[in-house]
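Work through the exercises below with the sequence and the model at hand. Each task is followed by a worked solution.

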Amino acid sequence: MSLLDVRDLTVTYGTDTPALRGVDLALAAGEKLGVAGESGCGKSTLALALLRLLPASARLGGRVLLDGEDVLTMGWGRLRAVRWAGASIVFQGAMHALNAVHRVGDQIAEPLLVHRLATAATARERVAALLEQVGLPPARARAYPHELSGGQRQRVMIAMALACEPRLIVADEPTTALDVMIQAQILRLIERLVAEQGIALMMISHDLSVLADTCDRLAVMYAGRVVEEGPARAVYAAARHPYARALSAAFPRVGDPASRFAPRGLPGDPPDPAALPPGCAFHPRCPVAVEACASHEPPLAEAAPGHRSACLFPAGRPA
Ligand code: ADP
């Protein structure tokens, strides 16, 4: 059984903004899945939906099975127990996620105390050990967030995410706000810690090359759907879906800062979810679209063993 099994997940903001439109994804224990796509494709909505952290305006459908238990229907008490201890999230830009007026050590200790995994007396030792794991001197526990660099704050976020020994960590653009050198250090740190502790990782990024370098499998999202999913190498080097091909061509180098915001060579922007084009949502930007693409939205179907694609022509357009 998968550790995480997302089935036909839909999220609609308000009445007319379908941010996720039937997402199916599975993640085995200890596996690393990368989720890529341009800004606005629904990646953060997916991350937040997994732990029901979405705003009240969001309506959810489908299932999010964590160890076989549906996160979307569990009671509040159970949900509180699952957050941090079952699965935890590392966000982009730790400055906003950390509380500016509390010492970082106290913030790392908080989930431990809430989940009764430490007492006030033992929490200090555990916090020191966690800081060491993420490469920070234990004395930094007394620092306030503004006294740390961006990279150090992201290390603190990772320590918090690890604190309750979750089986799944969701990392949403964990390195995007950092410069390229620090980005690489933080990625290696996350990679090492999840491998050592057998934690499953869902890492979200707009940058397919960063994910290809770190993850076992990759999923590419477009307009609220997964349009390609498969082994990392195959998706990065031999993508089936024209959007996935455009994304991998847009990021030739790991962490290329120039291609941080707009994939090169791909005209236009992803559609507004409130005004999706008919048929395949990518067809207005697709270099190989044919007439049928404007009326038919292909399902995500197996294109090769373990490799799924949602294109009418998963093997390339016929001549
Ligand atoms: P990504 O993480 O890929 O950039 P998001 O999940 O943030 O994408 O956004 C997906 C879509 O949902 C976007 O069109 C965005 O404008 C919309 N959206 C995100 N959050 C909200 C919200 N709280 N209310 C309404 N629409 C939202």
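**Exercise 1: a helix pair**

Helices α6 and α7 are roughly parallel to each other. The model is predicted. Task: find at what angle α6 and α7 pack, and which residues meet.

Solution.
1. Locate α6 at residues 150–163 and α7 at residues 180–197.
2. Their axes are 10 Å apart and the angle is about 15 degrees. Angles under 35 degrees count as roughly parallel, so the pair falls in that class.
3. The crossing of α6 and α7 is right-handed.
4. From α6, the residues in the contact are Gly 151, Gln 154, Arg 155, Ile 158 and Leu 162. On the α7 side they meet Ile 182, Gln 185, Ile 186, Leu 189, Ile 190, Leu 193 and Gln 197.
5. By type, the residues of this contact between α6 and α7 are seven nonpolar, four polar and one charged.

**Exercise 2: the sheet**

Task: give the strand order of the eight-stranded sheet and state which strands stand at its edges.

Solution.
1. The sheet is open, with mixed pairing, and its order is β6-β7-β8-β3-β9-β10-β12-β11.
2. β6 (87–90) and β11 (301–304) are the edge strands; each has a single partner strand, so one side of each lacks a neighbour in the sheet.
3. On average, neighbouring strands of this sheet are turned by 25 degrees against each other, direction ignored.
4. β11 pairs with β12 (residues 307–309) in the antiparallel sense over three bridges. Glu 302 has Arg 308 in β12 as its bridge partner.

**Exercise 3: a helix on the sheet**

Task: state which strands helix α10 lies across.

Solution.
1. Find α10 at residues 242–250.
2. The strands are β3 (32–36), β9 (217–222) and β10 (225–231).
3. α10 runs at about 110 degrees to β9.

Notes. Residues numbered from 1 in each chain as written. Predicted model: local features only at pLDDT ≥ 70, side-chain atom pairs only at ≥ 80, totals over all residues. Heavy atoms only, no water. Pairing = 2+ DSSP bridges. Helix = DSSP H or I, 4+ residues; strand = E, 2+ residues; numbered from the N terminus. Axes fitted to C-alpha atoms, helices over the stretch in contact; angles between N-to-C directions. Contact = heavy atoms within 4.5 Å. Parallel < 35°, antiparallel > 145°, perpendicular 65-115°, else oblique. Left-handed = near helix turned anticlockwise from the far one by under 90°. Nonpolar A, V, L, I, M, F, W, Y, C, P; charged D, E, K, R; others polar.
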